[in-house]
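Let's take a stroll through this protein and see how some of its helices sit against each other. Keep the structure in view and look up each residue as we get to it.

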Amino acid sequence: MVLLSGFFSSSETSLMALNRYRLKHKANAGNKAAIKALRLLEKPDRLLGVILMGNNFVNIFASSIATIIAIRLLGEAGIAIAAGLLTLIILIFSEVAPKTVAALYPEKIAFRAVYILEPLLMLFSSIVWFVNIVANNFLKLFNVDVAKTKQDHSLSQEELQTLIDEATGQLPKQYRDMLTSILRLESVTVEDVMIPKQEIYAVDVDQPFDEFLKCLQHSPYTRIPLFRGNLDDDFVGILNLRRALPVLMRNEIALKDIIKMSRPAYYVPETTPLSKQLGNFNKNKRRMALIVDEYGDLQGLLTVEDLLEEIVGKLSTDARAKEIDTIAIHADGSMTIDAAEFIRDLNKEYLLDLPTDGPKTLNGLVQEQLETLPPVGTCIKVGNYTLEVLEVSQNAIETIKISLITPKKT
């Protein structure tokens with residue numbers, strides 16, 4: 001009876017301690033024990049019913065036998081001795097020890113126990129059904145409806161992030177970083193990663209034709225926005241140089257031939273989440289989008305490559321990569337940075353903790369804090385950092401020095 005009690009106790013603990021996601025994976029792979037365990041766990045009230053029925057039966061039966069033996073050997077005084085001794089034996093050998101092993105090795109115990117529990121459930125289904133009916137109706141007195149209450153094993157974004165962080169041994173760091181970036185796509189908008197309007201490489205079709213062709217030849221990109229006069233007012237389209245190459249190779253070529261090869265612009269609101277835009281690029285068969293604000297004014301440009309960089313990091317083939325490094329790290333840990341750098345990129349690359357819920361660049365962050373264009377030498381405190389203005393142009397901050405504030409020793 002003590003051994004049977006230990007079996008039921010370990011079965012209960014092991015089945016309830018199973019990792020549901022690993023269990024589903026093994027069941028989908030065809031593991032028979034996993035399939036049986038998953039089937040039993042679909043109705044936990046019935047499973048617990050047969051386990052507890054068996055456990056209580058063998059415990060009570062063991063207690064009855066011990067009481068009879070104790071009375072025959074020691075008389076009525078033996079009842080207390082038998083109760084105390086049996087309680088200690090059941091506690092150690094039927095509860096603590098089996099449940100500890102089951103918690104440490106849930107799959108090993110559970111995958112063997114299901115071959116016994118499933119026939120027992122079928123054999124005593126009517127008794128289990130009656131017990132569950134009574135128990136469930138009793139729970140309704142406390143507003144607990146077992147039929148309507150379903151266990152939700154889905155994970156929130158924060159729980160998924162914790163799962164990824166704990167998968168240190170199973171996943172290399174670069175893969176964990178990629179998974180983390182994918183989870184954050186929902187909270188990042190196209191405005192956060194777009195190329196600002198002033199940095200867009202676009203070509204004016206109203207300039208002399210020879211100059212126009214030179215701009216196309218010297219383009220570092222495959223796709224080039226075309227406009228007339230002003231990028232904001234008259235947008236012509238997006239020219240794919242690869243597709244337009246046969247036309248550009250002709251001896252005689254006219255501007256209208258090139259314009260015919262361009263595609264209409266694809267506009268996207270600046271508040272669109274990256275997760276949604278990734279699907280929109282695929283759905284619309286586009287690789288470039290123009291970002292507009294709520295008034296329809298052009299704010300920037302987004303490409304599939306920019307979006308993918310949010311997941312895999314900087315691409316080595318990035319045509320916007322500058323020949324001169326815009327960031328210098330000094331011996332004391334401070335950094336001299338181009339004020340046009342994006343705050344999100346700096347946080348990701350250098351593990352900083354600058355605020356990202358406001359301006360997108362360091363220039364914008366400092367100007368928002370001061371509400372003016374500061375002179376050289378101005379210092380401000382942002383979080384745990386001091387930002388010192390090193391260079392200023394006519395309308396923007398050019399260079400900033402960032403230093404981490406070291407707490408004073410007391």
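## How α14 meets α15

In this predicted model, helix α14 (residues 274-284) packs against helix α15 (residues 304-312) at an angle of about 135 degrees. Their axes are 11 Å apart. An angle over 145 degrees would count as roughly antiparallel, and 65 to 115 as roughly perpendicular; α14 and α15 are therefore oblique to each other. The crossing of α14 past α15 is left-handed.

Which residues do the touching? From α14 come Leu274, Gln277, Leu278 and Phe281, and from α15 come Val304, Leu307 and Glu310. Sort the contact of α14 with α15 by class and you get 5 nonpolar, 1 polar and 1 charged residues.

## The two sides of α14

Now look at α14 by itself. Leu274, Gln277, Asn280 and Phe281 are its buried residues. If you look down the axis of α14, the buried residues fall within an arc of 105 degrees, so they line one face of the helix. There's a handy rule behind this kind of pattern: an α-helix has 3.6 residues a turn, so residues three or four places apart point the same way.

Flip to the other side of α14 and you'll find Lys276, Asn282 and Lys283, which are exposed. So what covers the buried residues of α14? The cover includes α10 (190-193), β5 (267-269), β6 (288-292), β7 (298-303) and α15.

## A closer look at α15

Helix α15 has buried residues too: Val304, Asp306, Leu307, Glu309, Glu310 and Ile311. Among the elements covering them are α9, α10, β1 (195-196), α14, β7 and α16 (343-350).

Let's zoom in on Val304, which sits in α15. Its relative accessibility is 14%, and anything under 20% counts as buried, so Val304 makes the cut. Leave out residues up to four places away in sequence, and Val304 touches Phe281, Arg286 and Arg287. Try finding Asn282 as well: Val304 and Asn282 are 22 residues apart in sequence, and their C-alpha atoms are 9.5 Å apart in space.

Another residue to check from this side is Ser181, in helix α9 (residues 173-184). Is Ser181 buried or exposed? With a relative accessible area of 13%, Ser181 is buried. Setting aside neighbours within four places in sequence, Ser181 is in contact with Glu310, Ile311 and Lys348.

## A second pair: α3 and α6

Here's another helix pair to compare by eye. Helix α3 (residues 32-41) and helix α6 (residues 106-123) pack at about 50 degrees, with 9 Å between their axes. α3 and α6 are therefore oblique to each other. The crossing of α3 past α6 is left-handed.

On the α3 side, the contact is made by Lys32, Ala33, Ala34, Lys36, Ala37, Arg39 and Leu40. On the α6 side, the residues are Phe111, Val114, Tyr115, Leu117, Glu118 and Leu121. Split by class, the contact of α3 with α6 has 9 nonpolar residues, no polar ones and 4 charged ones.

## Positive phi in the loops

Most residues other than glycine have a negative phi. Keep that in mind for the next stops.

Right after α14 comes Lys285, with a positive phi near 55 degrees, although Lys285 is not a glycine. You'll find Lys285 in the loop between α14 and β6, and at 61% relative accessibility it counts as exposed. Glu371 is also a residue other than glycine with a positive phi, near 60 degrees. Glu371 lies in the loop between α17 (362-370) and β10 (379-382), and its relative accessible area of 73% makes it exposed. A glycine joins the list as well: just after α15, Gly313 has a positive phi of about 90 degrees.

## One last stop: Glu12

Finally, find Glu12 in helix α1 (residues 2-17). Not counting residues up to four places away in sequence, Glu12 touches Leu48, Ile51, Leu52 and Lys99. How far is Glu12 from Glu349, C-alpha to C-alpha? The two are separated by 48 Å, and they are 337 residues apart along the chain.

Notes: Residues are numbered from 1 along each chain as its sequence is written. This is a predicted model: local features need pLDDT of at least 70, side-chain atom pairs count only at pLDDT 80 or more; totals for chains, interfaces and linings use all residues. Side-chain values use heavy atoms; hydrogens and water are left out. Axes are lines fitted to C-alpha atoms, for helices over the stretch in contact, and angles run from 0 to 180 degrees between N-to-C directions. Helices (H or I, at least four residues) and strands (E, at least two) are DSSP runs, numbered from the N terminus. Angles under 35 degrees count as roughly parallel, over 145 as roughly antiparallel, 65 to 115 as roughly perpendicular and the rest as oblique. A crossing is left-handed if the near helix is turned anticlockwise from the far one by less than a right angle, and right-handed if clockwise. Contact means heavy atoms within 4.5 Å. Ala, Val, Leu, Ile, Met, Phe, Trp, Tyr, Cys and Pro count as nonpolar, Asp, Glu, Lys and Arg as charged, and the others, Gly among them, as polar. Buried means under 20% relative accessible area, exposed over 50%, partly exposed in between (1.4 Å probe, protein chains only). The arc is that of the directions from the helix axis to the C-beta atoms.
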